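Here are a few exercises to work through with the model open beside you. Try each task before you read its solution.

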Amino acid sequence: MLGLLINDKEKIELEYLLKREMDEILFDLQDDRIDHLVKRAINEKYNILFRLFKRVSTEEECLIYMRVKTNLSKGNQS
């Protein structure tokens, strides 16, 4: 286990960076031109960033970025 000691200004900056990155990922996941395998990797990255975000933000902010679990292979079935 690792610990991280940051001040309030650094916490705010970390929240901002995580929010921006998660917003970009959510936008990319909506793009139909992106391959299914790439979307799976993007989704894994989002999950990691969200776990970090949960550690530094409030519950209300976490609810905004919480995703509903969906089966990514649904779109590929005919």
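**Exercise 1. Find what the side chain of D35 does at the start of α2.**

Go to the start of α2 and look at D35: one of its side-chain oxygens comes to within 3.3 Å of the backbone nitrogen of L37. That fits the cut-off for a polar contact (N or O atoms within 3.5 Å, one able to donate a hydrogen and the other to accept it; within protein, sequence neighbours count only if both atoms are side-chain atoms).

Before going on, some housekeeping: this is a predicted model, where local features need pLDDT of at least 70, side-chain atom pairs count only at pLDDT 80 or more, and totals for chains, interfaces and linings use all residues. Residues are numbered from 1 along each chain as its sequence is written, and side-chain values use heavy atoms, with hydrogens and water left out.

**Exercise 2. Check the length of α2, then work out where its buried residues sit.**

Step one: α2 runs over residues 36–56, which is 21 residues (helices are DSSP runs of H or I, at least four residues, numbered from the N terminus). From first C-alpha to last it reaches 31 Å, close to the 30 Å expected at 1.5 Å a residue; the expected span is 1.5 Å times one less than the number of residues.

Step two: list the buried residues (under 20% relative accessible area, with exposed over 50% and partly exposed in between, using a 1.4 Å probe and protein chains only). They are K39, I42, N43, Y46, L49, F50, F53 and V56. Down the axis of α2 these fall within an arc of 135 degrees, so they line one face of the helix; the arc is taken from the directions from the axis to the C-beta atoms.

Step three: recall that an α-helix has 3.6 residues a turn, so residues three or four places apart point the same way.

Step four: see what each side meets. The buried residues of α2 pack against α1 and α3, while the face turned away carries the exposed L37 and R55.

**Exercise 3. Describe the surroundings of S57.**

S57 is in the loop between α2 and α3. With a relative accessible area of 14%, S57 is buried. Its side chain reaches the backbone oxygen of F53 at 2.8 Å. Leaving out residues up to four places away in sequence, S57 touches E15 and C62 (contact means heavy atoms within 4.5 Å).

**Exercise 4. Which backbone nitrogens does the side chain of N7 reach?**

N7 sits in the segment before α1 (8–30). Its side chain reaches the backbone nitrogen of K9 at 3.1 Å, and that of E10 at 2.8 Å.

Note on methods: Helix = DSSP H or I, 4+ residues; strand = E, 2+ residues; numbered from the N terminus.
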